[in-house]
Amino acid sequence: MAGLARDGGLYVPEAWPQLDSDFIRSVRGMRYADAAYHIIEPFVGDCIEQAQLRELIDAAYADWVHHSVAPLFQIGPDEWLLELYHGPTLAFKDVAMQVLGRMYDHFLAKRGGHITIVGATSGDTGSAAIEAIAGRERATIFIMHPHNRTSEVQRRQMTTVNAPNVHNIAIQGTFDDCQNLLKAMFNDGSFRDEVSLSGVNSINWARVMPQIVYYVTAAAALGAPDIGVSFTVPTGNFGDIYAGYAAHQMGLPIHRLVIATNTNDILARFLATGEHELGEVTPTLSPSMDIQISSNFERLLFDVFNRDGAEVSSLMAQLHVHGRFSVAPEKLGGIKALFGAHRVDEEQTLATLRQVFRETGFQIDPHTAVGVAAARLDRKLAAEHARPDLPMVVLGTAHPAKFPDAVEKATGFRPPLPPHMQDLYHREERYAVLGNDLTTVQAYIRKCLAAEATI
């Protein structure tokens, strides 16, 4: 319910539950909701009764367009696309957010009271969170997005939701500015308590936890635990690929996790040099990845530094004050033993969109194209790590219709919106444009909450 810890740090499990080989084999052919229950339950413990947890997870995935929730589609020799966009808002964020929204309901019903959920989005988290929270009586949600830096479909999915407990804020700045405002609100103890603040970004552990499931189901379908499987993940805030790291820590035989970045390539630069140095955010065809501060990377560093919170706090302070920190070669070597990273520019993104369409007749979105390009680069360039005989799974993070301009530019065909969104461009939008200023944003939240209380 808290999201961010009181000291500004991120919550992580005390210990990683282990998945034994027999269980991983049993996942083959298992209903997705059943697999999710077995993987999530050890983290939940006695916080939610087992029957209620099963019911909650079943409800989260009951209405997905594809009954498999996260189906695999082969796009090349030992190369697979994991389709994670069959939920209500056409993005992978739905996989976790549909669970998280129901968890909020469960605990608020038990405890009573009202919470204010504030989130920052580079495009997809916002609509998935709004879909999960809209209309709920005990929660009000505010989503900040960078003004004019999302696709039109992404923006409209957020700003056309007509529910009194939903508020959208367009911040005049970048996603990193939105994320910094969010962290500042959580670190303002009096404001946090005043509005009963909670978060839905991937800084919230309950956002990361359900994402572990699709790594396990995909790997099992492709032969795990009897063979290893690699994954390439289009990466912005590092939450999605951190879920893969969590699966690896739980015993899933992941051979390699490849970080796919666009021209905002801070993580690729870090893996190459050990220097984590902020740069300017450059707008791209894959706007959800236009990020320099990858919040969940802090969680990985916590394990790399033997769970020494003080050491990680020192690194984060250096990043805040100086815009950079460095990691010693032996620590970097530990990260590179599992992770690879590749930068994919705009020309490569468009070329990959064309190539996949030409080879398969299948359209993908620009973020997924960055992933496919990075996966293919990794197999060519990472000779000491490459295992072309093992399956490589690229995470398909969004439906191509969310980015129709880029997809049409590359393929010549405009991907249509699914039937339930056909009127999206005709719906009325509601959002406020605010400056990148904490006091201004907090005042707006207070004003909206006061108005809602009088209804």
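**Two sheets, a histidine and some cysteines**

Me: Over how many bridges do β5 and β13 pair in the parallel sense?
Reply: Strands are DSSP runs of E with at least two residues and helices are runs of H or I with at least four, both numbered from the N terminus. Two strands pair if DSSP finds at least two bridges between them. Ile169 stands opposite Ala432 in β13. For β5 and β13 the count is 3 bridges.

Me: In this predicted model, at which pLDDT do side-chain atom pairs count?
Reply: Residues are numbered from 1 along each chain as its sequence is written, and side-chain values use heavy atoms, with hydrogens and water left out. The model is predicted: local features need pLDDT of at least 70, totals for chains, interfaces and linings use all residues, and side-chain atom pairs count only at pLDDT 80 or more.

Me: Which strands stand at the edges of the sheet β6-β3-β4-β5-β13?
Reply: This open sheet of 5 strands has parallel pairing. An edge strand has a single partner, so one side of it is left without a neighbour in the sheet. The strands in that position are β6 (197–199) and β13 (432–434).

Me: What angle does helix α19 make with β4?
Reply: Axes are lines fitted to C-alpha atoms, for helices over the stretch in contact, and angles run from 0 to 180 degrees between N-to-C directions. Contact means heavy atoms within 4.5 Å. Helix α19 (residues 438–453) packs on the sheet, touching β3 (115–120), β4 (139–146), β5 and β13. The angle between the directions of α19 and β4 is about 150°.

Me: How many residues of β3 are buried?
Reply: Buried means under 20% relative accessible area, exposed means over 50%, and partly exposed lies in between (1.4 Å probe, protein chains only). On one side of β3, Ile115, Ile117 and Gly119 are buried, and on the other side Thr116, Val118 and Ala120 are buried too. The count for β3 is 6 of 6.

Me: In β6, which residue is the bridge partner of Val118?
Reply: β3 and β4 run parallel and are joined by 6 bridges, and in β4 the partner of Val118 is Phe142. β3 also pairs with β6 in the parallel sense, over 3 bridges. In β6, the partner of Val118 is Gly199.

Me: Is His167 buried or exposed?
Reply: His167 lies in strand β5 (residues 166–171). Leaving out residues up to four places away in sequence, His167 touches Thr140, Ile141, Phe142, Ile143, Cys448 and Glu452. Its relative accessible area is 14%, so His167 is buried.

Me: How many disulfides does the structure hold?
Reply: A disulfide is counted when two cysteine sulfur atoms lie within 2.5 Å. The sulfur of Cys178 has its closest cysteine sulfur in Cys448, 16 Å away, which is too far for a bond. Cys178 is buried at 0% relative accessible area, while Cys47 is partly exposed at 45%. The number of disulfides is 0.

Me: What is the order of the strands in the open sheet of 6 strands?
Reply: The pairing in this sheet is mixed. Within it, β7 (residues 229–234) and β8 (residues 254–261) pair in the parallel sense over 6 bridges, and Val233 stands opposite Ile259 in β8. The order is β1-β2-β12-β7-β8-β11.
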